[in-house]
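Here is a short briefing on the salt bridges of a predicted model. Please look at the sequence and the structure first, then read the points below.

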Amino acid sequence: AGCKPNAITYSVLIRGHCVRGDLTAALDIFQQLVGLGFTADCIIFNTLLDGCVQHANWELAETLLEEMKKQKIVQSNFT
């Protein structure tokens with residue numbers, strides 16, 4: 001038995017990978033989150049976007065912003 005992961009668990013994992021600069025692993029976790037039926041919110045997108053900025057991955061940042069628009073996720077001041 002153990003704890004069942006929730007959106008916060010996945011968000012923390014995404015953040016950890018972004019801080020390490022492993023955006024590929026962060027995106028893999030993001031895809032798992034979405035695949036399990038969790039909703040990707042502004043906070044999770046901002047975490048990924050922050051990772052992109054910190055590691056100069058502008059192409060991925062643009063892709064994520066487009067995905068936010070497609071999903072009609074309202075951007076925050078942080079975005």
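Helix 4, which covers residues 58-70, holds both lysine 69 and glutamate 66, and these two residues stand three residues apart, about one turn of the helix. Their side chains form a salt bridge in which the closest N and O atoms are 3.7 Å apart. In this predicted model, the count of salt bridges comes to four, and the points below take up three pairs, beginning with further detail on helix 4.

**Pairs within helix 4**
- Of the partners just described, lysine 69 counts as exposed, at 52% relative accessibility, whereas glutamate 66 is partly exposed, with a relative accessible area of 41%.
- Lysine 70 and glutamate 67 also lie in helix 4, again three residues apart, about one turn of the helix, and they form a salt bridge whose closest N and O atoms are 3.9 Å apart.
- In that second pair, lysine 70 counts as exposed at 63% relative accessibility, while glutamate 67 counts as partly exposed at 27%.

**A pair between helices 1 and 3**
- Arginine 15 and aspartate 50 meet through their side chains in a salt bridge, with an N to O distance of 3.0 Å.
- Because arginine 15 lies in helix 1 (residues 7-20) and aspartate 50 lies in helix 3 (residues 42-54), this pair ties together parts that are 35 residues apart in sequence.
- Aspartate 50 has a relative accessible area of 18% and is buried, since buried means under 20%, whereas arginine 15, at 39% relative accessibility, counts as partly exposed.

How values were computed. Residues numbered from 1 in each chain as written. Predicted model: local features only at pLDDT ≥ 70, side-chain atom pairs only at ≥ 80, totals over all residues. Heavy atoms only, no water. Helix = DSSP H or I, 4+ residues; strand = E, 2+ residues; numbered from the N terminus. Buried < 20%, exposed > 50% of the residue type's maximum accessible area, 1.4 Å probe, protein only.
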